[in-house]
Amino acid sequence: MRAARTAFPQSHIVYGCQGKSSLTGMLRKHAAPLVDDFRMKPLSDILAEFAQPGRQKTVVDFRTGVPGLMVTGLQLLGRGVHYEPNFAGYLLSLRRGTRWTLRPEHNAWRYHRLIERLAGRHLPFDHRLDVPHSARTMARRLVGADNRPLVLLGGNARSNKFMSEDQISAISGNLIDAGYHVLYLVTPGDGPTPQALVARESRLSVVGPELGLDVEAFGDLLLALGEMAAAYVGMEGGLGHLFATVMTPTVIVNNGANLERWRPLSNMVEVVTAPRRGRRANVADAPVEAILEATHRLLAASRRDHPAPALSLSSL
């Protein structure tokens with residue numbers, strides 16, 4: 001979105017999706033200066049709503065499924081719409097005279113290169129998010145006068161991606177014994193309940209719905225805590241990506257996702273993969289010993305990642 005706004009400052013940018021996404025929920029406030037309108041409706045309805053005679057219409061399709069991209073491309077034929085679909089389907093929009101280039105594997109870079117192709121030039125890549133002062137104040141109040149290094153844990157998720165009560169209890173107990181202040185983040189999804197965790201490890205702190213925050217305010221609080229934390233430990237998913245925007249060192253427990261494509265955008269990431277893959281893979285099966293080994297290795301490095309200069313990133 002930043003790249004699109006930079007390259008096309010006079011354009012009317014509409015972010016469209018079929019259902020709720022991070023940009024229509026917890027990140028909407030952050031994306032608002034970069035997007036003119038948010039719409040949760042079919043693409044045909046969005047094009048009809050914003051159609052202006054004589055004005056160029058462009059659709060950048062972030063989806064990854066090639067069959068869906070092909071169908072959409074065919075539907076847009078003859079409608080005066082420039083269509084730029086995601087790799088590998090981007091070949092559908094390859095135009096005569098355009099230099100063919102490979103795109104980086106990580107999907108965020110694929111998105112960025114879609115915009116660079118439209119602009120015809122390299123653009124700065126910046127995925128960082130700003131943390132509101134009010135969120136920092138609340139985060140400091142939650143942590144209090146505890147001067148121990150802060151470690152964040154996240155275990156809730158959908159399907160087979162949530163961490164178990166045994167894993168969280170063992171990890172938190174080990175880290176607390178090692179001198180860390182451990183904070184468990186209660187987010188939507190399946191997983192261990194805060195009550196069960198505290199019953200097993202009374203020294204564990206918990207943050208979640210009891211604060212009474214809306215989705216955006218809770219997201220900002222997470223960013224503020226991520227700024228303060230020495231590390232985040234959790235399964236592959238949204239929290240890892242969120243904390244990467246404030247450069248939190250991260251341990252990801254993976255149940256088989258392609259992390260070359262979907263890893264958090266940070267160089268300070270340790271990955272522990274569950275023993276099985278596919279539909280039978282469960283994050284809860286990942287050995288606690290392996291998670292703790294990766295966590296202590298990350299904490300011992302005691303280094304936060306910082307983005308490389310934009311020019312060197314853009315040239316990848």
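Me: Which kind of unit do β3, helix α4 and β4 make?

Reply: A word on the model comes before the answer. This is a predicted model, in which local features need pLDDT of at least 70 and side-chain atom pairs count only at pLDDT 80 or more, while totals for chains, interfaces and linings use all residues. Residues are numbered from 1 along each chain as its sequence is written, and side-chain values use heavy atoms, with hydrogens and water left out. Helices (H or I, at least four residues) and strands (E, at least two) are DSSP runs, numbered from the N terminus. A crossover is called right-handed if, with the strands pointing away from the viewer, the path from the first strand over the helix to the second runs clockwise. Here β3, helix α4 (residues 66–75) and β4 make a right-handed β-α-β unit.

Me: How many bridges join strand β3 to strand β4?

Reply: Strands of a sheet pair through backbone hydrogen bonds, either parallel or antiparallel. Two strands count as paired if DSSP finds at least two bridges between them. Strand β3 (residues 57–61) and strand β4 (residues 81–85) run parallel and are joined by 5 bridges, and across this pairing V59 of one strand has Y83 in β4 standing opposite. Strand β4 also holds P85, which counts as buried at 0% relative accessibility (buried means under 20% relative accessible area, exposed over 50%, partly exposed in between, with a 1.4 Å probe and protein chains only). From P85 to G68 the distance is 9.8 Å, C-alpha to C-alpha, although 17 residues separate them in sequence.

Me: In what order do the 6 strands of the open sheet stand?

Reply: To read a sheet, follow its strands from one neighbour to the next. The order in this open sheet is β7-β6-β5-β8-β9-β10, with parallel pairing. At the edges stand β7 (205–207) and β10 (269–273), each of which pairs on one side only. Neighbouring strands are turned by 20° against each other on average, direction ignored (the axes being lines fitted to C-alpha atoms, and angles running from 0 to 180 degrees between N-to-C directions). At the β7 edge, 3 bridges join β6 to β7, which run parallel, and L185 has V207 in β7 as its bridge partner.

Me: Which residues of helix α6 are buried?

Reply: A helix can be read by asking where its buried residues point. In α6 (residues 133–143), the buried residues are A135, A139 and V143. They lie on the same side of α6 because they cover an arc of only 70° around the axis, the arc being that of the directions from the helix axis to the C-beta atoms. The face turned away from this buried side carries the exposed residues H133, S134 and R141. The buried residues of α6 pack against β5 (150–154), β6 (181–185) and α9 (215–228), where contact means heavy atoms within 4.5 Å. Just after the helix, G144 takes a positive phi of about 70°.

Me: How many salt bridges does a search of the whole structure find?

Reply: A salt bridge is a side-chain nitrogen of Lys or Arg within 4 Å of a carboxyl oxygen of Asp or Glu. The search of the whole structure finds 18 of them. One of these joins R200 to D166, whose closest N and O atoms are 2.6 Å apart. R200 lies in helix α8 (residues 194–200) and D166 in helix α7 (residues 165–177), so the pair ties together parts that are 34 residues apart in sequence. R200 is partly exposed at 45% relative accessible area, and D166 is partly exposed at 48%. In another salt bridge the side chains of D177 and R203 meet at 2.8 Å, N to O. Because D177 belongs to helix α7 and R203 to the loop between α8 and β7, this pair ties together parts that are 26 residues apart in sequence. D177 counts as exposed at 58% relative accessibility, whereas R203 counts as partly exposed at 40%.

Me: Which residues do salt bridges that share partners join into one network?

Reply: The network consists of D37, R39, K41 and E49. Within it, the side chains of K41 and E49 meet at 3.2 Å, N to O. K41 counts as partly exposed at 27% relative accessibility, and E49 is also partly exposed, at 37%.

Me: With which residues is L197 in contact, leaving aside its neighbours within four places in sequence?

Reply: L197 is found in helix α8 and counts as buried, at 0% relative accessibility. Apart from those neighbours, L197 is in contact with E165, I168, S169, Y184, P192 and L204. L197 and S164 are 10.0 Å apart in space, C-alpha to C-alpha, and 33 residues apart in sequence.
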